[in-house]
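Q: I am new to this structure and would like a close look at a single part of it. Please take me through that part slowly, with the terms explained as they come up.

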Amino acid sequence: MISLTSVSVELTTAFFIVLLLVGPMFLWLRKLESRPKNLPPVIKIAEAELFKRPREAYETALGKYGPVIAVKRKGRVEYIVDSSLTHQVLTTNHLFSFEEGTAFILNLYYFKKLFTAFFVDIDDLVHNVIAARMPLVVEQVFPVFMKHASNLFDELHCLREDAQETRYVHGLDHTHKSISEAMALIILGPDFVNPTNLLAVEKVAHDIAVVTGLYQNTSWWGTNYPDVWRLFTWSVLVHYWDSRLQIWRKLRKETYDSDIATDSPEQFKGSVLDFLGCKFTNRTSGRIGFSAYLRITALVLGIVFASVHQTASVAVWVLYELAMRPEYQSALHEELFDICGVACSVDNANVSYESLQKAARLDSFIREVLRTKGDTLSTCRLTTASVPIGGYVIPKGFLVIPLASLSHMSTQYHGPDAEKFDGARWVGTGKQAVTVNHTYFPFGLGRWACPGRALAVAEIKMIVWGIICCSKPILKGGMYTVPDPLNVTSVAPSGEMTLVPFNYIA
Ligand code: HEM
């Protein structure tokens, strides 16, 4: 005899089995229904093609299926748009979010949840304390660049007549060291500049570059197992704690005046850290609380990362392109002498931000290197809603990336010789290396365009001047290679260079 209880148990079990089977299907159908219709076409491109020949791969797909395509990379779908939609994507901030997109692509999702105002704070800081004080900043760091150039010169034995064999160095070692010291001076102040701390700054910049995925394309784990890779890389941030301790000690030692930061930041004479100390000091207690300290360290490390790594890589691009094109070396050398009148050196106080701004030929050369170095997926946004664009609808929460090569190398924008490198192309056009628009955006575009670009270009000019004031750069084997064609801004070209004094060359 079947009891009532066993019937009800069986019914309940059957109910749960049906629920288990039908439930997910129901949810899946609902999700499918709520997905926007008219999605852009999904184009399958082999990952090897994307990583080795990104320009050809994406341009061919957009040419065939554009103006918006969906492509899977590193286990996620990304929407790539052609040049006709670049301006719309990079400047319509309420639909295409810079903050969400950057946090997503740099693996900073949880960090952004913790420090919600991070991007606004850092943007404000760079605008007010660096960009607005460029003359003071250049005055402070010019001797650093000249000192490193002079050390490099000595290291390579360029001046020794008896040097038997040519010595070479990696350009990145030189640019990374010089820029790390310059940024340590600007951000942390002169008291902080000693060999141990400089090494820490270099390491922090490198470690954060690893954590944020800048080397992910060149790592086997990064491309094949992106999630495992992300988890692992967060564990390398050991030097971060080192630096935080140093910043903590400095903040506890000093007394800060909170009015200075609010009155007129551009008049402020101290370091970025001093400025933050003033800004976050509690007016009543005169001390810096623990949450303020966390915000300060996050901002300091954020600026170290944003300012050191990319600028050092791009400076290598400029140096190596200059080494490959001897026809520009004498012209830039002459321009330097025309502006400064005397040799540019550590003791030459005549070099100022104004002098750097007068260097129109060098500025044009830098802009042309930035335009032609091969940017592809460089600037991104994340959709905040389902967005109609280019005849399709991109769903909420996806990365949208304009293909930079289509704008930077466009014959429509830059004339029939757009593919050709012309270092003097921009002289007298009013377009400087820092002037961005939809035809040229290595520093991004719109509200979030890089606030540190004036400093980045000034630093690159100082690096070039430090070298061409008395020597010419030459590359080993006359060439360099590109380790990561999909990330040319953050991963420097690979190669070795030497310096030859001007008077040694016929
Ligand atoms: C050659 C060197 C550099 C390159 C190529 C570069 C490029 C960029 C790009 C592409 C963006 C995103 C813009 C967008 O999506 O519209 C950006 C943002 C940013 N950059 Fe740079 N950058 C460089 C140097 C610097 C330096 C030296 C600093 C600091 C002193 C800096 C600070 C920032 C900050 C704070 C942001 C976040 C956006 C914002 O606050 O508006 N960058 N940069």
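A: Cys450 counts as partly exposed, because its relative accessibility is 27%, where buried means under 20% relative accessible area, exposed over 50% and partly exposed in between, computed with a 1.4 Å probe on protein chains only. This is a predicted model, in which local features need pLDDT of at least 70 and side-chain atom pairs count only at pLDDT 80 or more, while totals for chains, interfaces and linings use all residues. Residues are numbered from 1 along each chain as its sequence is written, and side-chain values use heavy atoms, with hydrogens and water left out.

Through its SG atom, Cys450 is the only protein donor of the iron atom of the ligand, at 2.3 Å; donors are N, O and S atoms within 2.8 Å of the metal (3.2 Å for Na, K and Ca), and since water is not among the atoms, sites may look incomplete. Along the chain, Cys450 sits in the loop between α21 (411–414) and α22 (453–468), helices being DSSP runs of H or I with at least four residues, numbered from the N terminus. The unreviewed UniProt entry also covers Cys450 with the annotation "binding site", although such annotations, given here in the numbering of this structure and with shortened feature names, may be inferred rather than shown by experiment.

Conventions
Helices (H or I, at least four residues) and strands (E, at least two) are DSSP runs, numbered from the N terminus.
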